[in-house]
Amino acid sequence: QVQLVESGGDSVQPGGSLRLSCTFSGFTYMQPCMGWFRQGPGTDREGVAGMEFSGAKTYAEAVTGRFTISKDHQNRILYLDMNNLKPEDSGIYYCAAEPSLCPLPIRETVRQYRISYWGRGTQVTVSS
């Protein structure tokens with residue numbers, strides 16, 4: 001059974017930093033492409049960062065240069081390091097995984113429906 005469990009969300013001031021973690025398990029036969037998505041108040045869910053099994057990374061334009069996605073393969077943890085946080089980064093951050101869709105659709109929303117596995121999310125609030 002596939003499980004994705006996010007942690008690390010918190011309330012921070014603008015300019016602050018956070019590290020989100022996603023512990024994943026259950027991918028026995030096929031390694032998935034993975035990524036982070038977020039949904040702010042009153043907005044649609046959008047892609048933030050994605051990572052292919054090869055290590056190739058994709059970032060949304062709004063976070064490029066500030067966020068970094070990485071993976072600890074041995075311990076099965078996906079990370080999102082977020083720096084210089086802005087109020088518009090606030091929202092629920094979701095970890096996602098899909099073995100048959102690589103890379104994950106970070107810069108468009110049309111194919112999000114093809115992502116099979118989602119965590120429950122962790123709340124990030126950026127406010128002074």
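Start by selecting Phe24, Phe27 and Tyr117, which together make up one aromatic cluster. Keep in mind as you look around that this is a predicted model.

**Stop 1: more rings**

The structure holds 3 aromatic pairs. For one of them, select Phe37 and Trp118: their ring centres are 5.1 Å apart and the planes meet at 65°, an edge-to-face arrangement. Phe37 belongs to strand E4 and Trp118 to strand E10, so this pair ties together parts of the chain that are 81 residues apart in sequence. Now switch on a surface and compare the two partners. Phe37 counts as buried, with a relative accessibility of 0%, while Trp118 is partly exposed at 25%.

Stay on Trp118 and add Arg45. What does Arg45 lie over? It lies over the face of Trp118, at 3.7 Å from the ring centre. A second arginine to look at is Arg19, which lies over the face of Tyr79 at 4.1 Å from the ring centre.

**Stop 2: the nonpolar core**

Next, go inside. The largest nonpolar core has 33 residues, and the ones with the most contacts inside it are Trp36, Leu80, Met82 and Tyr93. At least two residues of this core come from each of strands E3 (18-25), E4 (33-39), E5 (46-51), E7 (67-72), E8 (77-82), E9 and E11.

Pick Tyr93 and centre the view on it. Tyr93 is found in strand E9 and is buried, with a relative accessible area of 0%. Which residues does Tyr93 touch, leaving aside those up to four places away in sequence? The list is Glu6, Leu20, Trp36, Phe37, Arg38, Val48, Phe67, Leu80, Met82, Gly121, Thr122 and Val124. You will recognise Phe37 from the edge-to-face pair, and Trp36, Leu80 and Met82 from the core. For a distance to check in your viewer, take the C-alpha atoms of Tyr93 and Val124: they are separated by 7.0 Å, although the residues are 31 apart along the chain.

**Stop 3: strand E11 and its neighbours**

Val124 leads to the next selection, strand E11, residues 122-126. Colour its two faces separately. Thr122, Val124 and Val126 make up the covered face, and Gln123 and Thr125 the uncovered one. This fits a general pattern: in a regular strand the side chains alternate between the two faces of the sheet.

Now show the strands that pair with E11. Strand E2 (residues 11-12) runs parallel to E11 and is joined to it by 2 bridges. To find one spot on this pairing, select Ser11, whose bridge partner in E11 is Thr125. Strand E9 (residues 91-98) runs antiparallel to E11, with 3 bridges between them. Which residue of E11 stands opposite Ile92? Select Gln123 and you have it.

**Stop 4: the disulfides**

Show the cysteines as sticks; there are 2 disulfides. Begin with Cys22 and Cys95, whose sulfur atoms are 2.1 Å apart. Cys22 sits in strand E3 and Cys95 in strand E9, so the bond ties together parts that are 73 residues apart in sequence. The torsion about the S-S bond is about -75°, so this disulfide is left-handed. Are its ends buried or exposed? Cys22 is buried at a relative accessible area of 0%, and Cys95 is also buried at 0%.

Move on to Cys33 and Cys102, again with 2.1 Å between the sulfur atoms. This link joins distant parts of the chain: Cys33 is in strand E4 and Cys102 in the loop between E9 and strand E10 (117-118), 69 residues apart. With 125° about its S-S bond, the link is right-handed. Here the surface view shows a contrast: Cys33 is buried at 1%, whereas Cys102 is partly exposed at 43%. Numbering the bonded cysteines in sequence order, the pairing is 1-3, 2-4.

**Stop 5: Arg114 in the loop**

Finish in the loop between E9 and E10, where you can select Arg114. Arg114 counts as partly exposed, at 35% relative accessibility. Not counting residues up to four places away in sequence, Arg114 touches Glu98, Ser100 and Leu101. Arg114 and Leu101 are 13 residues apart along the chain, and their C-alpha atoms are separated by 7.4 Å.

Technical notes. Residues numbered from 1 in each chain as written. Predicted model: local features only at pLDDT ≥ 70, side-chain atom pairs only at ≥ 80, totals over all residues. Heavy atoms only, no water. Buried < 20%, exposed > 50% of the residue type's maximum accessible area, 1.4 Å probe, protein only. Helix = DSSP H or I, 4+ residues; strand = E, 2+ residues; numbered from the N terminus. Pairing = 2+ DSSP bridges. Core = buried A, V, L, I, M, F, W, Y, C linked by side-chain atoms within 4.5 Å. Disulfide = S-S within 2.5 Å. Contact = heavy atoms within 4.5 Å. Phe/Tyr/Trp six-rings, centres within 6.5 Å; stacked < 30°, edge-to-face > 60°. Lys NZ or Arg CZ within 6 Å of the ring centre and 35° of its normal.
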